[in-house]
Amino acid sequence: MAGVNEAITREYFESLGFLVQQPHKYLVMARAKRPEEDIDFIVLNPSPAAPGPLPLENLVMTGADLHHVERAVVSVRGWHTDRVSPAMLKLSPELVRFAQEPALRKVRARLGEGPLTRILCLPDLPATEAMRSKALELMREKGIDGVLLFPTMLRELIRTIETSKNYEKSDLLQTLRILKNYDLLRDEQLELFRRSKHRRHEPRTPSA
């Protein structure tokens, strides 16, 4: 599953024009990970927009926010059956270890000094506003600059897919293209238009 999660994240950043490097191609099995091994990707933006409103007030990012990012380290956590709660963050400090200085020193040795945004990719956040805010505040305290959610990445990728193109060089994009071609993935704006059109044609219930 890790390969799928990383493929989605890589394709998403590349769709925004980032250069993506995966610093470690191996799995750590028989020992604890070193801090720098918690970094899944280093991403570089060759043409960043003017500095934007970073850090974000609530940390949750979209593609529009990423256009302002010059360089970033990215960690991917794709448990798609769980939301990342405050309790999980407290019990699993390795979730945010990639954003702390021991890991970042290795990246700076490779890239040189400069701005470095720390981005955590997650399946989802708690459903309630109070728990969501608490989880984001804990992440901010641990050095996280931005949070990317998988639903956001997938929706934005789907919007960029053109069914007339053959994405044979990417299994992920080709799969999304096939699903979209057969109308199994709905374009959000088109779906909204369809619902609105349907409501306009619904017979009105006579008033009493």
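**Reading Arg97 and its surroundings**

Colleague: Arg97 counts as partly exposed, at 25% relative accessibility. Why does Arg97 get that label?

Modeller: First, a reminder that this is a predicted model. Buried means under 20% relative accessible area and exposed means over 50%, with partly exposed in between. Arg97 sits at 25%, so it counts as partly exposed.

Colleague: With which residue does Arg97 form a salt bridge?

Modeller: The general idea goes like this: side chains of opposite charge can pair when their charged atoms come close. Here, Arg97 pairs with Asp38, and their closest N and O atoms are 2.7 Å apart. That pair ties together distant parts of the chain, with Arg97 in the loop between helix 3 and helix 4 (101-111), Asp38 in the loop between strand 1 and strand 2, and their positions 59 residues apart.

Colleague: And Asp38 itself, is it buried or exposed?

Modeller: Asp38 has a relative accessible area of just 3%, so it is buried.

Colleague: Which other side chain meets Asp38 in a salt bridge?

Modeller: That would be Arg77, with an N to O distance of 3.4 Å. Again the partners come from distant parts of the chain: Asp38 is in the loop between strand 1 and strand 2, Arg77 is in the loop between strand 3 and helix 3 (86-91), and they are 39 residues apart. Arg77 has 13% relative accessibility, so it counts as buried.

Colleague: How many salt bridges does a search of the whole structure find?

Modeller: Twelve. One of them joins Lys165 to Glu162, with the closest N and O atoms 3.5 Å apart. Lys165 is partly exposed at 41%, and Glu162 is partly exposed too, at 37%. Salt bridges can also share partners: Arg31, Arg34, Glu36 and Glu37 are joined into one network that way.

Colleague: Let's move on to the fold. How many helices and strands are there?

Modeller: Eight helices and five strands. Reading from the N terminus, the order is α-β-β-α-β-α-α-β-α-β-α-α-α.

Colleague: How do strand 1 and strand 2 run relative to each other?

Modeller: A general point before the case: in a regular strand the side chains alternate between the two faces of the sheet. Strand 1 (residues 19-21) and strand 2 (residues 41-44) run antiparallel and are joined by three bridges. Val20 stands opposite Val43 in strand 2. Strand 2 also pairs with strand 3 (residues 71-76), antiparallel once more, through four bridges. In that pairing, Phe41 stands opposite Val74 in strand 3.

Colleague: What about the chain as a whole: what share of its residues count as buried?

Modeller: Of the 208 residues, 41% do. The accessible surface comes to about 12500 Å², and carbon and sulfur atoms hold 54% of that. As for contacts, among those between residues at least 6 apart in sequence, 69% join residues at least 24 apart.

Colleague: Which residues make a nonpolar surface patch?

Modeller: Ile178, Tyr182 and Leu184 make one of about 350 Å². Look at Leu184, in the loop between helix 7 and helix 8 (188-201). Its relative accessibility is 59%, so it counts as exposed.

Colleague: One last spot, Ser170. Where is Ser170 placed?

Modeller: Ser170 lies in the loop between helix 6 (150-160) and helix 7 (171-181). With a relative accessible area of 9%, Ser170 is buried. Its side chain reaches the backbone nitrogen of Leu173 at 3.1 Å.

Conventions
Residues numbered from 1 in each chain as written. Predicted model: local features only at pLDDT ≥ 70, side-chain atom pairs only at ≥ 80, totals over all residues. Heavy atoms only, no water. Helix = DSSP H or I, 4+ residues; strand = E, 2+ residues; numbered from the N terminus. Buried < 20%, exposed > 50% of the residue type's maximum accessible area, 1.4 Å probe, protein only. Polar contact = N/O pair within 3.5 Å; in protein donor to acceptor, adjacent residues only side chain to side chain. Contact = heavy atoms within 4.5 Å. Areas by Shrake-Rupley, 256 points an atom, 1.4 Å probe, with all protein chains shown as cover. Patch = residues over 30% accessible without salt bridge, like charges linked within 9 Å, V, L, I, M, F, W, Y side chains within 5 Å. Salt bridge = Lys/Arg side-chain N within 4 Å of Asp/Glu carboxyl O. Pairing = 2+ DSSP bridges.
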